[in-house]
Amino acid sequence: MDILSIVKEVAEIRLDRCIGRLALRGHRIELKTIIELFESRWSVDEVIKEFPTLERNLIERIKENFSLLKRLVEGMELVEIDPNKLAGLPVVRGTRMPVVRVYELLENGMSIHELLMEFPSLRLWDVEKLLEYKDVLYPVLKYVHERLTAAFHKKLVKLL
């Protein structure tokens, strides 16, 4: 199963909850919290005992896909989703540069050096880390980017 399908099952990103961070679907608990508990060797039962409102199948699904979701949570540390920045598009933390745009420019042949020259707010370390986590970040953030862009365009149409 691909990362986007797994994330859609267990998590959500909402601008009105958890400040645009990955939260458990239907809850205000960050996915990062559950990942950290599993890293600390907590069992599914211990997590459910600590958070009795969580559904067992949700926690088990996270446990089954722990490695992949852990990589996603780590990669999301590079990303900022703020409704006051570019209408909530996922950007490289501390910049106004959409993450999806970075990936697309690099895929279309721009070198890292050219990217850094064109967009001086980006740092080499950030771009290298984004590339390291591309397998988990790109599918999820592209989906979020596309949904936000479509919603933005719908609002514009309604305003005209």
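Modeller: Before we look at any loop, a definition: helices (H or I, at least four residues) and strands (E, at least two) are DSSP runs, numbered from the N terminus. With that in hand, A87 can be placed in the loop between β3 and β4. Please keep in mind throughout that this is a predicted model.

Colleague: Which helices and strands does the chain have, and what pattern does the chain follow along the sequence?

Modeller: The chain has nine helices and four strands, and, read from one end of the sequence to the other, they follow the pattern α-β-β-α-α-α-α-β-β-α-α-α-α. The C-alpha trace spans about 50 × 40 × 25 Å along its principal axes.

Colleague: How many of the residues in the chain are buried?

Modeller: A residue counts as buried when its relative accessible area is under 20%, and in this chain buried residues make up 41% of the 160 residues. The area that the chain exposes is about 9300 Å², with carbon and sulfur atoms supplying 53% of it.

Colleague: Where do the buried residues of helix α1 fall, seen down the axis?

Modeller: The general idea is to list the buried residues and then look down the helix. In α1, residues 3–10, the buried ones are I3, L4, I6, V7 and V10. Seen down the axis of α1, these residues fall within an arc of 160 degrees, so they line one face of the helix. At the N-terminal end, α1 is capped by D2, which has a side-chain oxygen 3.3 Å from the backbone nitrogen of L4.

Colleague: Which residues are buried in helix α2, and what do the buried residues of α2 pack against?

Modeller: Helix α2, residues 31–39, has L31, I34, I35, L37 and F38 as buried residues. Viewed down the axis of α2, they fall within an arc of 160 degrees and so line one face of the helix. The partners they pack against are the strands β1 (11–13) and β2 (22–24) and the helices α3 (44–50), α4 (56–64) and α5 (66–76).

Colleague: What phi does R41 take, just after α2?

Modeller: The general idea is that most residues other than glycine have a negative phi. R41, just after α2, takes a positive phi of about 75 degrees. The loop between β3 (79–80) and β4 (91–92), where L86 lies, offers further cases: phi of L86 is near 50 degrees, a positive value in a residue other than glycine, and phi of A87, likewise a residue other than glycine, is positive and near 55 degrees.

Colleague: What do L86 and A87 count as, by relative accessibility?

Modeller: L86 counts as partly exposed because its relative accessibility is 29%, and A87 counts as partly exposed because its value is 41%; the class covers what lies between the cut-offs of 20% and 50%.

Colleague: Loops can be read for contacts as well, I suppose. Is H27 buried or exposed, and which residues is H27 in contact with?

Modeller: Since its relative accessibility is 11%, H27 counts as buried, although its place is in the loop between β2 and α2. Leaving aside neighbours within four places in sequence, H27 is in contact with E12, R17, T53, L54, E55 and L58. One of these, L54, is found in the loop between α3 and α4 and is buried, with a relative accessible area of 4%. When residues up to four places away in sequence are not counted, L54 touches L24, H27, I29, I34, V47, I48 and I59. The C-alpha atoms of L54 and L105, by contrast, are separated by 40 Å, with their positions 51 residues apart along the chain.

Colleague: What joins the side chains of D126 and R123?

Modeller: The idea is to look for a pair of N or O atoms within 3.5 Å, one able to donate a hydrogen and the other to accept it. Here a polar contact of 3.0 Å joins the two side chains. R123 sits in the loop between α7 (112–118) and α8, while D126 is found within helix α8, residues 124–132. D126 counts as buried because its relative accessibility is 6%, and, residues up to four places away in sequence aside, D126 touches L78 and V92.

Colleague: And charges over the whole chain: how many positive and negative side chains are there, and how far apart do the centres of the two sets lie?

Modeller: There are 26 positive and 26 negative side chains, and the centres of the two sets lie 5 Å apart.

Methods:
Residues are numbered from 1 along each chain as its sequence is written. This is a predicted model: local features need pLDDT of at least 70, side-chain atom pairs count only at pLDDT 80 or more; totals for chains, interfaces and linings use all residues. Side-chain values use heavy atoms; hydrogens and water are left out. Buried means under 20% relative accessible area, exposed over 50%, partly exposed in between (1.4 Å probe, protein chains only). Contact means heavy atoms within 4.5 Å. Accessible areas come from the Shrake-Rupley method with a 1.4 Å probe; for residues, only the protein chains shown count as cover. Lys and Arg count as positive and Asp and Glu as negative; His and the chain ends are not counted. The place of a charge is taken as NZ of Lys, CZ of Arg, CG of Asp or CD of Glu. The arc is that of the directions from the helix axis to the C-beta atoms.
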